[in-house]
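Here are a few short exercises to work through with the model open in your viewer. Try each one before reading its solution.

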Amino acid sequence: MNRRLFIRVVGQSSIAAATLGVGACAATSGFPAAAIEAWQGPSETEPRRRALAYAITAPNPHNLQPWLVSLSETDVITVLTDPERVLPETDPFGRQILIGHGTFLELLVMSLAEQGFSSNVALWPQGELPPKLGNWRNAAGSQRPVARITLAPGGQKDPLFAHILKRHTPKTDYDPARPVSAGSIEKLLSGLRAGSVAAAGTVDAGRLPALRDLCEQSAVVEISTPRTMLESIKLLRVGPDEILASRDGIAVNSTFVRAMSAIGLLDRSTAPAVGSAGYKNALARFEGHSRTAMGFVWLSTLGNSRSQQIEAGRAYVRMQRRATEIGLGVHPMSQALQEFTEMKPFYEQAHQVLLGKPAPRTSADETLQMFCRLGYTPEAVPATPRRAIEKFMVSI
Ligand SMILES: Cc1cc2nc3c(=O)[nH]c(=O)nc-3n(C[C@H](O)[C@H](O)[C@H](O)COP(=O)(O)O)c2cc1C
């Protein structure tokens, strides 16, 4: 496509959004080898570092990889959150970021068990993180570990360990000709431990249209709200150089998008106007994802404490690895669960439709933590980048 034609197609002010539409969350392959080396498995031999090398492959919002780890005490791993790696617009209370710490802890514990260590996980040894993200940065927040894990000989090996490095999130349309069976949902949920996280799902043809609409309409809110749309655009990493430099975020490596970037047409400074070609491209991605959802699963907790958010993350990654084992795609569509003002009607609707209750008013009320679409992808799902493990190390 030549430059003039491209401009006619997407419109000059919308290139970055078009990028999100054509490739950002699509199955972009061909990432530089170093950016995806984590998926080859660790070369580390020290047990805690080896476990860490597995844990950084955990699913997490926008692939921010918000984890920090201190190994300064013998036989202890202290996990902290990186207060700079948060999503203030779409995740203003850090709930999703902490789910992404639960996924990390689950992989860490499982990888230690695989090496013959049991883990005593003490959450919030110095108190929970403050409710407001802004306070995560100051002394009251950023120094408070999420968890202190004490190792001892033992640990029970978990069969789901085998799927850690095969687990990937399918961010593409599913095959609409391949239904998901009710039995598959049972298998998925059977991977969960009995505990405080409730899980449910449906493939009922009578329920799917309303849930697909919920995904689509809530996505419209995210992409029509300039500050929330821009939050995703700012996380684009385009082409091998940017992907290698950051090894996080929304990595895009398609020839088309790289060409647009090279000729200066990738504007990442503004959100696209509603109705512009770039906006329509982003919308088309969400429409495709929503309309090809062949089933849904969701996780909720009886309250919304920081520990319950962590537990939800632990349950989620178990479920996604179980999905990997049975060859089923599990893809979070978190828009309806986002807690910014404009999303409130869909946050309410999601709780009514999925839990039969109003949205939580306090942290003691039942809260949806994950809402995911199910289906089969026509092609294998590629790995996403991860940073080198040294980048996660701090000394405290
Ligand atoms: C709490 C949470 C929320 C997420 N929400 C979304 C989402 O709304 N849309 C999406 O495409 N992926 C979502 N993801 C998946 C991440 O984008 C994905 O884990 C990350 O990009 C890394 O890719 P990987 O899981 O294939 O390693 C979510 C993951 C977590 C843990």
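**Exercise 1.** What radius of gyration does the chain have, and what would a compact globule with 396 residues have?

*Solution.* Keep in mind that this is a predicted model. Start with the rule, 2.2 Å times the number of residues to the power 0.38. For 396 residues it puts a compact globule near 21 Å. The chain has 20 Å, so the two agree. Next, look at the extents: along the principal axes, the C-alpha atoms fill a box of roughly 65 × 45 × 40 Å. Finally, check burial: 48% of the 396 residues are buried.

**Exercise 2.** Describe the shell of residues around the ligand.

*Solution.* First, find the nearest neighbours. The shell holds 17 residues, of which Pro-59, Asn-63, Thr-169, Pro-332 and Ser-334 come nearest to the ligand. Second, sort the shell by class: 6 residues are nonpolar, 10 polar and 1 charged. Third, trace where they come from. Domain 1 (3–30 + 166–375) and domain 2 (33–164) each supply at least three residues. Helix H4 (residues 95–114) gives the most, with 4 residues.

**Exercise 3.** In what order do the strands of the open sheet of 4 strands run?

*Solution.* As background, the chain has 13 helices and 10 strands. The open sheet has the order S1-S2-S4-S3, with antiparallel pairing. Its edges are strand S1 (67–70) and strand S3 (117–123), each pairing on one side only. From one strand to the next, the twist averages 25°. Now zoom in on one pair: S1 and strand S2 (residues 76–81) are joined over 4 bridges in the antiparallel sense. Trp-67 stands opposite Thr-81 in S2.

Note on methods: Residues are numbered from 1 along each chain as its sequence is written. This is a predicted model: local features need pLDDT of at least 70, side-chain atom pairs count only at pLDDT 80 or more; totals for chains, interfaces and linings use all residues. A residue is near a molecule or strand if its C-beta atom, placed from the backbone, lies within 6 Å of it. Helices (H or I, at least four residues) and strands (E, at least two) are DSSP runs, numbered from the N terminus. Ala, Val, Leu, Ile, Met, Phe, Trp, Tyr, Cys and Pro count as nonpolar, Asp, Glu, Lys and Arg as charged, and the others, Gly among them, as polar. Domain bounds come from an automatic or database domain assignment. Two strands pair if DSSP finds at least two bridges between them. Axes are lines fitted to C-alpha atoms, for helices over the stretch in contact, and angles run from 0 to 180 degrees between N-to-C directions. A residue is buried if 20 or more other C-beta atoms lie within 10 Å of its own, exposed if 12 or fewer, and partly exposed in between; C-beta atoms are placed from the backbone.
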